Amino acid sequence: MVQTHKIKIHNRQTGEFHTLEVPEDRYILHTSENHGIELPFSCRNGACTACAVRVLSGEIYQPEAVGLSPDLRRQGYALLCVSYARSDLEVETQDEDEVYELQFGQYFARGRVRAGLPLDED
Ligand code: FES
């Protein structure tokens, strides 16, 4: 039987708090939608960062989050469209474009973007 985890989501844009059970083998965004919870998203495949959240507590697994730098993952950001829960979790939605700005703002400012992607320093 697949284990489930309790996820608390604070949607800072709408001021709503949601709590739901998410099976370990399901994307958190997808399961939230199945519960009628509306959260920001766009590409749904880990590339655009529209669905980014700050992980306040708990453990998340996001091997397909190609749009998120290792640095920002370490800082506790996650992309809900490609994230699995590995424990009970508490997350909150980012400010609009927060992660995009953190990843790309500095590179555009310094002119370090090559072929549309920042150079990965890891
Ligand atoms: S919706 Fe684009 S990264 Fe999640």
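These are my notebook entries on a predicted model of one protein chain.

**Entry 1: the overall layout**

I started with the secondary structure, and the protein chain comes to three helices and seven strands. Reading along the sequence, I wrote the pattern down as β-β-α-β-β-α-β-β-β-α. Next I looked up burial: 38% of the 122 residues in the protein chain are buried. Then I checked how far contacts reach along the sequence. Of the contacts with a separation of 6 or more, 53% are between residues 24 or more positions apart.

**Entry 2: strand S1 and its partners**

I went to S1 (4–11) and asked which strands it pairs with. S2 runs antiparallel to S1, and eight bridges join the two. S7 pairs with S1 in the parallel sense, over four bridges. I picked out some residue pairs as well. Thr 4 stands opposite Pro 23 in S2, and Ile 7 has Leu 20 of S2 as its bridge partner. On the S7 side, His 10 stands opposite Glu 92.

The hairpin of S1 and S2 has four residues between the strands. I checked the backbone there, and Gly 15 takes a positive phi near 75°.

Then I sorted S1 by face. His 5, Ile 7, Ile 9 and Asn 11 make up the covered face. Thr 4, Lys 6, Lys 8 and His 10 are on the uncovered face. So of the bridge residues I had noted, Ile 7 belongs to the covered face, while Thr 4 and His 10 belong to the uncovered one.

**Entry 3: the nonpolar core**

How many residues does the largest nonpolar core have? I got 25, and the ones with the most contacts inside it are Ile 7, Ile 9, Ile 28, Leu 68, Leu 79 and Leu 80. The elements giving two or more residues to this core are S1, S2 (16–23), H1, S3, S5 (77–79) and S7 (89–93). S5 supplies the largest share, three residues. As background, nonpolar side chains in soluble globular proteins tend to be buried together.

I followed Ile 9 further. Leaving out residues up to four places away in sequence, Ile 9 touches Glu 16, Phe 17, His 18, Leu 20, Ile 28, Ser 32, Leu 39 and Val 91.

His 18 turned up in that list, so I looked it up from the other side. His 18 lies in strand S2. It counts as buried because its relative accessibility is 12%, and the cut-off for buried is under 20%. With the same residues up to four places away left out, His 18 touches Ile 7, Lys 8, Ile 9, Asn 11 and Ile 37.

**Entry 4: the loop between H1 and S3**

This loop runs between helix H1 (28–34) and strand S3 (52–57). I wanted to know which residues there have a positive phi without being glycine. Arg 44 is one of them, with phi of about 65°. Thr 49 is another, with phi near 70°, and Thr 49 also sits in the loop between H1 and S3.

Buried or exposed, for Thr 49? Thr 49 counts as buried, because its relative accessibility is 5%. Arg 44 comes out as partly exposed, because its value is 37% and partly exposed covers the range between 20% and 50%.

Cys 43 is in this loop too. Its relative accessible area is 28%, which means Cys 43 is partly exposed. I also looked up its distance to Cys 81: the two are 38 residues apart in sequence and 8.5 Å apart in space, C-alpha to C-alpha.

**Entry 5: empty space inside**

Rolling a probe the size of a water molecule over the atoms shows where empty space is left. My question was how many cavities of 30 Å³ or more there are. The count came to one. The largest cavity has a volume of about 40 Å³.

I listed what lines the largest cavity: Leu 29, Leu 39, Pro 40, Ala 50, Cys 51, Ala 52, Val 53, Leu 80 and Thr 93. That lining divides into eight nonpolar residues, one polar and no charged. Two names link back to earlier entries. Leu 80 is among the core residues with the most contacts, and Leu 39 is one of the residues that Ile 9 touches.

Conventions:
Residues are numbered from 1 along each chain as its sequence is written. This is a predicted model: local features need pLDDT of at least 70, side-chain atom pairs count only at pLDDT 80 or more; totals for chains, interfaces and linings use all residues. Side-chain values use heavy atoms; hydrogens and water are left out. Buried means under 20% relative accessible area, exposed over 50%, partly exposed in between (1.4 Å probe, protein chains only). On a 1 Å grid over the protein atoms alone, a cavity is a set of points where a 1.4 Å probe fits but cannot get out, and a pocket is an open set with protein on both sides within 12 Å along at least five of seven lines; lining residues have an atom within 4 Å of a point. Grid points are joined across faces, edges and corners, and a volume is the space filled by probe spheres set on the points. Ala, Val, Leu, Ile, Met, Phe, Trp, Tyr, Cys and Pro count as nonpolar, Asp, Glu, Lys and Arg as charged, and the others, Gly among them, as polar. A nonpolar core is a set of buried Ala, Val, Leu, Ile, Met, Phe, Trp, Tyr and Cys residues joined through side-chain atoms within 4.5 Å. Contact means heavy atoms within 4.5 Å. Two strands pair if DSSP finds at least two bridges between them.
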